[in-house]
Amino acid sequence: MSITQTALHPSTSTLRPTTPEEVREIVAAAISAEEPLAIEGHGSKRGLGRPVQAARTLSLAAMSGVTLYEPEELVLSARAGTPIAEIEQLLDDNNQRLEFEPLDYGPLLHGLEPGQGTIGGVIACNLAGPRRLKQGAARDHILGVAAVSGRGEIFKSGGRVVKNVTGYDLSKGVTGSFGTLAVMTDITVKVLPKSETETTLVLRGLADDAAAGAMAAAMGSSAEVSGAAHLPMFVAARVAGGTLGKDAATLIRLEGFGPSVAARAAHLGAALSRVAPLELLEADASRGLWRDVRDVRPFADGTAKPVWRLSVTPTRGHEIVMSLRMQTAIDAFYDWQGGLIWMRMEGEPDASLVRETIRRFGGGHATLVRASEPVRAATEIFQPQPGPLAGLTRRLKEQFDPQGVLNPGRMG
């Protein structure tokens, strides 16, 4: 049976191509049959966005493997279905890393073990972790893609070297499109040397507003801070295996060469110790803590309680949380110097309340990251776009996927 026949066979619900040409054949068959496809890698982010309205799944899990890695050129290419854990291990073995620190949604959304996601899923969702405030998002590190559009056409954009920017904007365009514009088959990213070591300064017992001030002071210093987060009381107990205890913890991360990190930690610590009691976490202990912050471990509780991701003005984050606390039952913590709020609601995900509160405190974006499937189907998951941007989004969709066969309904 050919790939095209398999794509249309009524007993086949998941299609697993192994080459870009097979992906093209499956998409072309779906267009011909007017049969939409759900696009995924290993399914670790299946619960992100609205439920996809498709009877069949195009899985890229069989399209795996690093196809090019030149450490001296700071470039890596891989098939879209390559596990991100495999890529990170390869880079770590060569003292390099993905500088945008991609988060792993599997534990939060589906209770999966860490490391189930793929490079294709990371780029499709534009995922970035705590280092985002210093190094940018995944979109800022992509060099090129090969993909199949919703027209059933194979295309390439970008290149394999850092200085090659041909078609760069097209690569950025499909980054963050959640698989609704094209099926990425190959991805090229830039990589960077990893830090020799890291230290996290942990301030204890600060209220949210005081923590916001401490993080702002640290970010404004000459210490070259690469991470700033605040875990309120009780939330702190849900990271690092509970070793932090229940008291609030404000986290300031420093990375680099050993002597430099030590000197910066001593200088910044002397200033911050006047604000609150100070502890230090070194090397592996620090890395483990920030992985838990990155992957939203405090809310990876095995439930479907609504979890929101709020991107706001850093200095207003604690005010937004306080306002919401006065109106509904929530739990929250902060990353990106307070500009990223992870919030779990105990009741229904009141999108109008969340977005109106953000608007009153200077604006921002709210995305419903986790909820049950019926709730996701009935809720506006992503921040509504302004008219001109919404029009551009529609035109892009019409150009790349005019029949709407790729992940229909996922973005609303």
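This passage walks through the interior, the pockets and the salt bridges of a predicted model.

A good place to start is the inside of the protein. The largest nonpolar core is made up of 95 residues, and V27, L310, W342 and M343 have the most contacts inside it. One of these, W342, can be followed outward to its neighbours. Leaving aside residues up to four places away in sequence, W342 touches L103, Y105, V296, F299, V307, W308 and R309, and also D331, A332, F333 and V369. Another core lies apart from the largest one; it has 17 residues, including A211, M215, A223 and L268.

Helix 11, which spans residues 317-325, offers a view of how elements come together. Its buried residues are G317, H318, I320, V321, S323 and L324. These buried residues pack against two other helices, helix 8 (208-219) and helix 12 (351-360), as well as against strand 15 (307-312), strand 16 (330-335) and strand 17 (340-345).

Attention now turns to the pockets. The largest pocket has a volume of about 1600 Å³. Its lining counts 48 residues, with G176, F178, F382, Q385 and M411 the closest to the pocket centre. Two or more lining residues come from each of helix 7 (168-174), strand 15, strand 18 (364-370) and helix 14 (387-400). Helix 14 gives the largest share, seven residues. By residue type, the lining of this pocket holds 23 nonpolar, 15 polar and ten charged residues.

The second largest pocket has a volume of about 820 Å³. Of the 32 residues that line this second pocket, E88, D92, R287, R291 and R294 lie nearest its centre. Helix 3 (84-93), strand 6 (96-97), strand 13 (249-256) and helix 10 (283-294) each supply at least two residues of that lining. Here the division is nine nonpolar, five polar and 18 charged residues.

Charged side chains also pair up across the model, and a search of the whole structure finds 24 salt bridges. In one of them, the side chains of R56 and E35 meet at 2.2 Å, N to O. R56 belongs to strand 3 (residues 56-59) and E35 to the loop between helix 2 (20-33) and strand 2 (37-40), so this pair ties together parts that are 21 residues apart in sequence. Both R56 and E35 are buried. A further salt bridge joins R46 to E40, with 2.9 Å between the closest N and O atoms. E40 counts as buried because its relative accessible area is 18%, and the cut-off for buried is under 20%.

R344 and D301 form another salt bridge, in which the closest N and O atoms are 2.7 Å apart. This pair links distant parts of the chain, since R344 sits in strand 17 and D301 in the loop between helix 10 and strand 15, 43 residues apart. The two partners can also be placed by their accessibility. R344 is buried, with a relative accessible area of 10%, whereas D301 is partly exposed at 31% relative accessibility. Neither residue stands outside a wider arrangement: salt bridges that share partners join R344 and D301 with R238, K305, D331, E346 and R370 into one network. Of the members of this network, D331 has already appeared among the residues that W342 touches.

Terms used:
Residues numbered from 1 in each chain as written. Predicted model: local features only at pLDDT ≥ 70, side-chain atom pairs only at ≥ 80, totals over all residues. Heavy atoms only, no water. Buried < 20%, exposed > 50% of the residue type's maximum accessible area, 1.4 Å probe, protein only. Helix = DSSP H or I, 4+ residues; strand = E, 2+ residues; numbered from the N terminus. Contact = heavy atoms within 4.5 Å. 1 Å grid on protein atoms, 1.4 Å probe; cavity = no way out; pocket = protein on both sides within 12 Å on 5 of 7 lines; lining within 4 Å. Points joined across faces, edges and corners; volume = space filled by probe spheres on them. Nonpolar A, V, L, I, M, F, W, Y, C, P; charged D, E, K, R; others polar. Salt bridge = Lys/Arg side-chain N within 4 Å of Asp/Glu carboxyl O. Core = buried A, V, L, I, M, F, W, Y, C linked by side-chain atoms within 4.5 Å.
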